[in-house]
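Open the model in your viewer and keep the selection panel at hand. The stops below run through rings, cysteines and charged pairs.

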Amino acid sequence: LRVFDQYERKPKVQSDTEVQLMALQEAVNIVDELCTQYPDSVPKVFNPIKRIYNTIYQSQPRVVLHVVQFFINHSETVEYDASQVYEHIFETIPAKYYASPSTSFEFLTFLRNNLEFFCLKTDLLNKYFPNILKILAWNPRTYAKDFEEIIAACISPLSSVEVRLNVLMKRPVNYIELTL
């Protein structure tokens with residue numbers, strides 16, 4: 001929890017910002033693991049985690065994904081509705097950071113690790129299918145293997161309208177069109 005407090009202070013040297021972010025990310029992962037082992041500690045750390053999310057949700061997408069993982073793992077324990085948080089990451093991270101290799105990789109890894117959760121408990125995969133597909137359209141060879149698992153979960157009758165129209169019109173499917 002001290003690392004969370006230290007993150008809210010500005011670093012003395014600007015080059016320490018990246019180290020500060022890595023320390024915050026690792027602290028969130030450690031707290032997540034500790035809360036998994038000791039569920040009684042979730043209420044104590046939940047508010048500091050929410051405060052961190054509110055501080056970084058617009059500027060640090062890679063760390064946000066780790067905070068959201070904490071919410072996925074523990075929000076039921078404290079009866080917190082994190083649907084707006086999930087909506088935010090699906091709306092902004094693929095749309096803004098699809099060209100960033102590290103953020104795209106983190107997002108796809110996060111998505112693959114939580115695919116069952118998002119399939120069963122939300123409709124975000126269908127709703128934000130074009131945003132997710134931007135990552136594949138930007139780097140098709142890099143992420144083709146990752147999308148094998150994800151694409152089947154994303155496509156539904158609603159999200160495949162463009163694909164069906166292209167097939168009916170005997171036009172080749174253009175992934176760039178799907179992202180628009």
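Select Phe107 first. In this predicted model, Phe107 is buried, at 0% relative accessibility. Now add Phe90. Phe90 also counts as buried, again at 0%. Measure between the two rings: the centres are 5.7 Å apart and the planes stand at 80°, so the pair is edge-to-face. Colour by helix next. Phe90 sits in helix α5 (residues 83-97) and Phe107 in helix α6 (residues 101-113), so the pair ties together parts 17 residues apart in sequence.

Widen the selection. Which residues form one aromatic cluster with Phe90 and Phe107? Add Tyr86, Phe110, Phe117, Phe118 and Tyr128.

Stay with rings for one more stop. The structure holds 15 aromatic pairs. One of them is Phe71 with Tyr80, a tilted pair with 5.6 Å centre to centre and 45° between the planes. Turn on the surface here. Is Phe71 buried or exposed? Phe71 is buried, at 0% relative accessible area. Tyr80 is partly exposed, at 28%.

Switch to cysteines. How many disulfides does the structure hold? Zero. Select Cys35: it is buried, at 3% relative accessibility. Then select Cys119, which is partly exposed, at 37%.

Now the charged side chains. Side chains of opposite charge can pair when their charged atoms come close. The count here is four salt bridges. Three stops follow.

Pick Glu106 and Arg62. Their side chains meet in a salt bridge, 3.4 Å from N to O. Glu106 is in helix α6 and Arg62 in helix α4 (residues 61-74), so look for distant parts of the chain, 44 residues apart. Glu106 counts as buried, at 17% relative accessible area; the cut-off for buried is under 20%. Arg62 is partly exposed, at 31%.

Move to Lys121 and Glu76. The closest N and O atoms of this salt bridge are 2.9 Å apart. Lys121 belongs to helix α7 (residues 115-121), while Glu76 lies in the loop between α4 and α5; the two are 45 residues apart. Lys121 and Glu76 are both exposed.

Finish on Lys127 and Glu87. This salt bridge has its closest N and O atoms 2.6 Å apart. Lys127 lies in helix α8 (residues 124-127) and Glu87 in helix α5, so the pair ties together parts 40 residues apart in sequence. Lys127 is partly exposed, at 47% relative accessibility. Glu87 is partly exposed too, at 24%.

Note on methods. Residues are numbered from 1 along each chain as its sequence is written. This is a predicted model: local features need pLDDT of at least 70, side-chain atom pairs count only at pLDDT 80 or more; totals for chains, interfaces and linings use all residues. Side-chain values use heavy atoms; hydrogens and water are left out. Rings of Phe, Tyr and Trp (its six-membered ring) pair if their centres lie within 6.5 Å; planes under 30 degrees apart count as stacked, over 60 as edge-to-face and the rest as tilted. Buried means under 20% relative accessible area, exposed over 50%, partly exposed in between (1.4 Å probe, protein chains only). Helices (H or I, at least four residues) and strands (E, at least two) are DSSP runs, numbered from the N terminus. A disulfide is a pair of cysteine sulfur atoms within 2.5 Å.
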